[in-house]
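Work through the exercises below with the model open. Try each task before reading its solution.

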Amino acid sequence: MKRNILYLSILSTALTISSCKKDGCTDELANNYNAEADNDDGSCTYDPQNTYTVPSTYTFTDASGNSTVSYSGQTIRLEMLEEMTNYMKTANTLGVSVAAQDLKDMYDDNDGTGFSWTDAEGLGMAASGKQLKNKTAQNDPAIQQIFEDYMDSIAVMSQSSMAGSAGTAGVVESNDGTKKYLFSPTGIEYTQYIEKGLMAAVFYNQISDVYLGSDKMNVDNTTAVDPGNGKYYTVMEHHWDEAYGYFTSAVDYPTNGADRFWGKYANSREGLLGSATAISEAFRKGRAAISNDDLTERDAQIAIIRTELERVLAATAIHYLNGAVDDITDDALRNHQLSEAVAFIEGLAYGHSSLISSGQISGILSTIGTDFYNVSAQDLTSARDQLSTIYGMDDIKNQL
């Protein structure tokens with residue numbers, strides 16, 4: 001009798017232990033791993049990035065092999081700013097003037113009247129319906145007016161028949177005679193304010209704040225827009241492509257496309273920041289994620305792109321402040337580099353959730369001052385140090 005009671009007790013204990021075992025996913029590599037589970041019930045799920053490939057170039061196709069990439073409008077705007085910049089640079093030769101109306105036409109005229117695009121790439125820029133003005137700071141009239149005022153200023157200064165100097169607008173030659181730039185009476189090179197300013201207020205803002213923003217990313221990602229007319233992409237894929245197009249027009253960046261605008265400056269900071277690699281990889285990973293409906297990975301890559309682009313702006317401003325200090329006794333080189341530095345510092349305000357506040361930007365600009373003919377190496381170094389501290393670049397500031 002005692003033996004039967006002992007048997008029943010052991011059996012009861014075994015059944016109790018067995019009934020306490022918990023079913024669930026026991027694979028630690030799964031995204032729903034349950035540390036309390038004893039029995040794997042086949043419920044494990046895995047992130048999509050474990051099942052799709054990120055291409056080595058910005059090349060994406062649908063199941064039938066049709067390209068799903070399109071950013072032609074952005075390529076046109078890159079070309080528009082390049083032609084505008086080339087036109088402004090002609091005024092670096094004494095006696096050559098530029099017209100404010102031509103610059104304004106380049107800025108806001110989208111039907112090809114009033115001026116002629118060179119359109120060396122055959123992009124169909126005339127009557128393209130594209131312009132830079134309506135994309136400036138998301139069509140902010142106050143910011144647009146600032147740039148048009150710059151255009152008026154450079155046009156007036158370009159009519160000067162005198163060499164530039166402190167208090168006099170005109171062309172200034174570097175000490176070694178190899179460089180010439182058109183400056184205002186206070187040493188501002190408006191060509192740089194316009195070019196770098198629009199790089200930030202248009203290209204950077206459109207990437208960071210618009211196309212990678214919630215409004216443009218919270219859209220359809222299931223249906224091709226219009227396959228019958230060659231639009232094999234979803235709306236979300238297209239918005240991502242447009243962000244990429246403001247960064248570079250090359251699918252194989254940085255092998256190509258590192259010669260202008262953000263593609264150029266990211267590549268210039270590659271050695272110390274790894275910017276070109278990080279941004280290019282993030283764009284490709286994010287696009288592959290979208291095409292595989294992996295929005296968690298998409299968002300992770302958005303954060304990388306925003307962070308790395310902002311670091312490029314800050315590091316490039318530091319680079320030019322260093323250059324201005326090195327060339328402190330050369331009016332042409334100093335003023336040229338200060339104009340670039342100030343434009344990049346101001347450009348930091350156009351990113352999404354920038355690490356730097358408007359007050360900090362104002363403080364740095366105040367340290368630099370508004371008269372580039374009257375600056376000190378000490379003040380420029382102080383401005384650089386303020387910027388490097390904010391962006392955690394103190395260890396590389398002297399190398400930038």
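## Exercise 1: the hairpin

β3 and β4 form a hairpin with 6 residues between them, and G177 in the turn has a positive phi of about 80°. This is a predicted model, in which local features need pLDDT of at least 70 and side-chain atom pairs count only at pLDDT 80 or more, while totals for chains, interfaces and linings use all residues. Residues are numbered from 1 along each chain as its sequence is written, and side-chain values use heavy atoms, with hydrogens and water left out.

Task: find how many bridges join β3 to β4, and the bridge partner of E173.

Solution. Start with the terms. Helices (H or I, at least four residues) and strands (E, at least two) are DSSP runs, numbered from the N terminus. Two strands pair if DSSP finds at least two bridges between them. Next, locate the strands: β3 covers residues 170-173 and β4 covers residues 180-183. They run antiparallel, joined by 4 bridges. Finally, E173 has K180 in β4 as its bridge partner.

## Exercise 2: helix α4

Task: compare the reach of α4 with the expected span, then list its buried residues and what covers them.

Solution. Step one is length. α4 (residues 141-158) has 18 residues. The expected span is 1.5 Å times one less than the number of residues. From first C-alpha to last, α4 reaches 26 Å, close to the 26 Å expected.

Step two is the start of the helix. A side-chain oxygen of D140 comes within 2.9 Å of the backbone nitrogen of A142. That fits a polar contact: a pair of N or O atoms within 3.5 Å; within protein, one must be able to donate a hydrogen and the other to accept it, and residues adjacent in sequence count only if both atoms are side-chain atoms.

Step three is burial. Buried means under 20% relative accessible area, exposed over 50%, partly exposed in between (1.4 Å probe, protein chains only). The buried residues of α4 are I143, Q144, F147, E148, Y150, M151, I154, A155, M157 and S158. An α-helix has 3.6 residues a turn, so residues three or four places apart point the same way.

Step four is the cover. It includes α2 (72-89), α3 (100-108), β4, α5 (190-211) and α12 (331-347).

## Exercise 3: the loop before α4

Task: which phi values do Q138 and N139 have, and are these residues buried or partly exposed?

Solution. Both positions are in the loop between α3 and α4. Q138 has a positive phi of about 60° although it is not a glycine. N139, also not a glycine, has a positive phi near 70°. Q138 is partly exposed at 43% relative accessible area. N139 is partly exposed at 42%.

## Exercise 4: aromatic pairs

Task: classify the ring pair of Y58 and Y244, and say which parts the pair ties together.

Solution. Apply the rule. Rings of Phe, Tyr and Trp (its six-membered ring) pair if their centres lie within 6.5 Å; planes under 30 degrees apart count as stacked, over 60 as edge-to-face and the rest as tilted. The count comes to 20 aromatic pairs. The centres of Y58 and Y244 are 3.9 Å apart and the planes are at 0°, so this pair is stacked. Y58 lies in the loop between β2 (39-40) and α2, and Y244 in helix α7 (residues 235-247), so the pair ties together parts 186 residues apart in sequence.

Now check burial. Y58 is buried, with a relative accessible area of 1%. Y244 is buried as well, at 1%.

Then widen the view. Ring pairs link Y58, F60, Y71, W240, Y244, F247, Y253 and F283 into a cluster. The peptide bond from Y253 to P254 is cis, with omega near 5°. P254 lies in the loop between α7 and α8 (261-268).

## Exercise 5: two buried sites

Task: what do T367 and G187 touch, leaving out residues up to four places away in sequence?

Solution. Contact means heavy atoms within 4.5 Å. T367 lies in helix α13 (residues 358-368) and is buried at 19%. T367 is in contact with D379, S382, A383 and Q386. A polar contact of 3.0 Å joins the side chains of T367 and Q386.

G187 sits in the loop between β4 and α5 and is buried at 0%. G187 touches N335, S339, F372 and Y373.
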